[in-house]
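Please work through the exercises below with the sequence and the structure open side by side. Try each task on your own before you read its solution.

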Amino acid sequence: MGQAKPLHWDRSINAACFVHELGLRCARDCGQAGPKPRRTRCAIRLVPGPVPVMDAFGRKIDYLRISVTDRCNERCLYCRPRQYAGWNASGERLSNSDLLRIVRVATSLGFRKFRITGGEPLLRPDLVELIEQMAQIPGVECIGLSTNGVKLAPLAADLRKAGLRTVNISLDALDPALYRRITGGPLEPVLAGIQAAIEAGFERVKLNTVLMRHVNEQEIWPLIHFSAAHQLPLRLIELMPLTSRDVLTPENFLSVGEVMERIQQQDQLIPEPDARLGHGPARYYRLARSGALVGFIGAMTQQHFCDSCNKMRLTADGRLRPCLGHHDEISLVEALRQPDDELLCSLFRHALATKPREHEFRTCYQPGRPMTAIGG
Ligand code: SAM
């Protein structure tokens, strides 16, 4: 009977051709390079149904993190230092309808997972509506949120009802005075936000802690016990030179390797290789005695950290950022003024084709845009 299903063009073909247009080497090793794509050799196959998007290194990129505001109600030492005003002076940010349009384009290209971040996304007044509408877009499989938790308690149930599935909450210390020293704000509403997230029944609630020697290293065990008691995965994150290089000195950098060694002096780390727990880069271990599930994000020290990268970012002012640790950005603002989505699609493909193999944090990266604008 021939083909039962309708055939669609493999969308990744276009990405591969874009690679050639840019004079890069094709990830599919079809041997072509240079400005003139020869679609006959590059057009690998016709396949039924949706196709994952690949970058030039063969990584499947299906995860978009969206910064919905560059505003934040905390001033974390490593993210939004005192000298940085933090507000987008022009007040420019994308409307919900622009964001929904971008998400539709992204899903048409194979993106499936989305994370709302910022700045502090819960400062955006129309966030519940945005999530509700996003959740209805065909192809959107999962929407997650990264938040500092300060404003989460009164919103958790509505967010869950709107279709939000997972929540990551930043928690760098359990000691209230230290928490205030790191973030500039009180701990209490964050703990209430964590409790509300548990009660709202999200599929997953994770805690994120940025490691800083001489600042919060003594908080690691209390945080492990807290996460075990609440049965929440805890992720320990190496400090990256994102907003400022000043925060990252040999004195205050604490590697995940050193923290693992310290944990092993008191407990046993049992690898959980299958615990991807969402779409992030953490490597998970179960602590035999405490029962905690701890993920380690060693962006600075883990070689091959970027090999499994699956994401791109959309900044608060409408730029696609293929890599957190690389300054290249592609503005979608002009394309959003066009009535059709053609330009938006090709800018996405361009972003995919130019996504670098790895971040530059270990080498030449000099902070430019603050993390709040890029989106954590
Ligand atoms: N306000 C939200 C929050 O607190 O999760 C979302 C944005 S915040 C920028 C996202 C994540 O980025 C947080 O977990 C934060 O700790 C992390 N982050 C910010 N700056 C960082 C840095 N220099 N190094 C490592 N992680 C950082």
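The exercises that follow concern a predicted model, and each solution goes step by step.

**Exercise 1. Describe the chain as a whole: how many helices and strands does the chain have, and what percentage of its residues count as buried?**

Begin with the secondary structure, where the chain shows twelve helices and 14 strands. Turn next to burial, for which 43% of the 376 residues of the chain count as buried. Finally, look at how far apart in sequence the partners of a contact are: among contacts with a separation of 6 or more, 73% join residues that are 24 or more positions apart.

**Exercise 2. Trace the sheet from one side to the other: in what order do its twelve strands lie, and which are the edge strands?**

Follow the strands across the open sheet, and the order reads β9-β10-β11-β8-β7-β6-β5-β4-β3-β12-β13-β14, with mixed pairing. The two ends of this order are the edge strands, β9 (269–271) and β14 (330–331), each of which pairs on one side only. As background to the next exercises, strands of a sheet pair through backbone hydrogen bonds, either parallel or antiparallel.

**Exercise 3. Walk from β3 to β6: in which sense, parallel or antiparallel, do β3 and β4, β4 and β5, and β5 and β6 pair?**

Step one takes strand β3 (residues 63–67), which pairs with β4 in the parallel sense over five bridges; here I66 stands opposite I116 in β4. Step two moves on from β4, which pairs with β5 in the parallel sense over four bridges. In this pairing R115 is opposite G144 of β5, while I116 has L145 of β5 as its bridge partner. Step three leads from β5 (residues 142–147) to β6 (residues 166–170), again in the parallel sense and over four bridges. There G144 faces T166 in β6, and the bridge partner of L145 in β6 is V167.

**Exercise 4. Add the helices and the burial to this part of the sheet: which helix joins β4 and β5 in a right-handed β-α-β unit, and which helix does so for β5 and β6?**

Starting at β4, the path runs over helix α4 (residues 127–135) to β5, and the three elements make a right-handed β-α-β unit. From β5 the path continues over helix α5 (residues 156–162) to β6, and this too is a right-handed β-α-β unit. Another helix, α7 (residues 188–200), packs on the sheet and touches β6 and β7 (204–210), its direction making about 165° with that of β6. As for burial, strand β4 (residues 113–117) is mostly covered, with four of its five residues buried, and β5 is mostly covered as well, with five of its six residues buried.

**Exercise 5. Examine the surroundings of the ligand: which of the 18 residues around the ligand come nearest?**

The residues that come nearest are C79, N148, S170, N208 and G376. To see which strands take part, note that β5 and β7 each supply at least two residues of the shell around the ligand. Sorted by class, this shell has nine nonpolar, eight polar and one charged residues.

**Exercise 6. Compare two positions outside the strands: why do I224 and M212 count as buried?**

First locate the residues: I224 belongs to helix α8 (residues 220–230), whereas M212 lies in the loop between β7 and α8. Then count the neighbours: I224 counts as buried because 22 C-beta neighbours lie inside 10 Å, and M212 counts as buried because it has 22 C-beta neighbours inside 10 Å, where the cut-off for a buried residue is 20 or more.

Next, set aside neighbours within four places in sequence and list the contacts, which for I224 are L234, L287, S290, A292 and V294, and for M212 are L239, N252 and L254. Last, read off two distances between C-alpha atoms: I224 and L236, twelve residues apart in sequence, are 9.9 Å apart in space, while M212 and E251, 39 residues apart along the chain, are separated by 9.0 Å.

Methods:
Residues are numbered from 1 along each chain as its sequence is written. This is a predicted model: local features need pLDDT of at least 70, side-chain atom pairs count only at pLDDT 80 or more; totals for chains, interfaces and linings use all residues. Two strands pair if DSSP finds at least two bridges between them. Two residues are in contact if their C-beta atoms, placed from the backbone, lie within 7 Å. Axes are lines fitted to C-alpha atoms, for helices over the stretch in contact, and angles run from 0 to 180 degrees between N-to-C directions. A residue is buried if 20 or more other C-beta atoms lie within 10 Å of its own, exposed if 12 or fewer, and partly exposed in between; C-beta atoms are placed from the backbone. A crossover is right-handed if, with the strands pointing away from the viewer, the path from the first strand over the helix to the second runs clockwise. A residue is near a molecule or strand if its C-beta atom, placed from the backbone, lies within 6 Å of it. Ala, Val, Leu, Ile, Met, Phe, Trp, Tyr, Cys and Pro count as nonpolar, Asp, Glu, Lys and Arg as charged, and the others, Gly among them, as polar.
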